[in-house]
Amino acid sequence: MASTSKFQFSVLIYLLLVLFFLSVEGKLPQSCKKYECPTYNVVEAGNGFEIRKYDSPVWISTPPIQNKSFVGATRNGFIRLFNYARGKNKKKKQIKLTAPVTSEVSFNGGKPSIVVSFFVALENQNNPALADGLRVQRWKSKFVAVKQFGGFVTDSNVGRIVASLNASLAGTKPSFSSTKSFIIAQYDPPFKLFDRVNEVWFLSE
Ligand SMILES: *[C@@H]1O[C@H](CO)[C@@H](O)[C@H](O)[C@H]1NC(C)=O
Ligand SMILES: *[C@@H]1O[C@H](CO)[C@@H](O)[C@H](O)[C@H]1NC(C)=O
């Protein structure tokens with residue numbers, strides 16, 4: 001009897017701990033209740049950032065797009081991916097919509113180039129529809145430093161957003177840096193005006 005109640009007690013403590021850790025994680029974007037999002041575990045919740053370990057997500061990606069404008073490049077890539085999802089692919093199939101759309105900004109000799117990607121739903125990952133000019137990226141499981149922010153990403157605030165995650169990580173997480181590249185993940189369509197959720201991601205080197 002005594003050992004049963006001790007067992008029940010430790011189960012209770014365990015559940016409380018689980019609830020506690022769920023509640024301190026960055027909030028799950030609303031969009032992920034409607035659309036499938038890549039899954040991850042939070043391995044560390046820091047001050048102004050969290051470190052996530054992504055399971056092995058699959059992405060369908062544009063080639064690098066050169067445009068000084070982050071917004072211009074992202075729009076350009078997004079249109080290609082939207083057409084892909086609407087059936088402009090080799091299977092001539094409607095592709096299940098997911099979130100987020102990511103823009104990976106890399107710097108080669110100072111010039112930014114941007115790869116825009118769309119998460120491939122689990123059911124399509126084994127055999128994603130292909131399309132001319134798009135390629136499939138399969139990540140190994142990966143550590144990502146993340147900061148969430150709201151509103152719209154613009155050419156004038158994107159630098160500040162990146163600098164803000166960089167500052168939160170300063171001195172503590174040398175393996176996460178934005179010098180080679182960073183990712184902006186957008187969870188909401190452009191016509192959603194309020195409660196938008198975006199994230200800046202630095203990948204572990
Ligand atoms: C770059 O982005 C700007 C702003 O949206 C757009 O007007 C322009 O056409 C884009 N250039 C290219 C080469 O895509
Ligand atoms: C990121 O922070 C480091 C200091 O931790 C600084 O040297 C570097 O210039 C910062 N980079 C950006 C893009 O803000």
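## Ligand 2

A residue is near a molecule if one of its heavy atoms lies within 4 Å of it. By that rule, the residues around ligand 2 are Asn166, Ala170 and Ser178. Taken alone, ligand 2 exposes 360 Å², and the protein buries 35% of that (Shrake-Rupley areas, 1.4 Å probe). Asn166 places a polar side-chain atom 2.3 Å from an oxygen atom of ligand 2.

## Basis of the model

This is a predicted model: local features need pLDDT of at least 70, side-chain atom pairs count only at pLDDT 80 or more, and totals for chains, interfaces and linings use all residues. Residues are numbered from 1 along each chain as its sequence is written, chains are lettered from A and ligands numbered from 1 in the order in which they are written, and side-chain values use heavy atoms, without hydrogens and water.

## Lys147

Lys147 sits in strand β8 (residues 142–149; strands are DSSP E runs of at least two). Lys147 is buried (under 20% relative accessible area, 1.4 Å probe, protein chains only). Lys147 has no salt bridge (a side-chain nitrogen of Lys or Arg within 4 Å of a carboxyl oxygen of Asp or Glu). The nearest side chain of opposite charge, Glu50, is 12 Å away.

What does the Lys147 side chain reach at 3.2 Å? The backbone oxygen of Gly48. The Lys147 side chain also makes a polar contact (N or O atoms within 3.5 Å, one able to donate a hydrogen and the other to accept it) with the side chain of Ser164, at 3.1 Å.

## Leu130

Leu130 lies in the loop between β6 (111–119) and β7 (135–138). Its C-alpha atom is 7.5 Å from that of Lys91, 39 residues apart along the chain.

Methods
Helices (H or I, at least four residues) and strands (E, at least two) are DSSP runs, numbered from the N terminus. Buried means under 20% relative accessible area, exposed over 50%, partly exposed in between (1.4 Å probe, protein chains only). Lys and Arg count as positive and Asp and Glu as negative; His and the chain ends are not counted.
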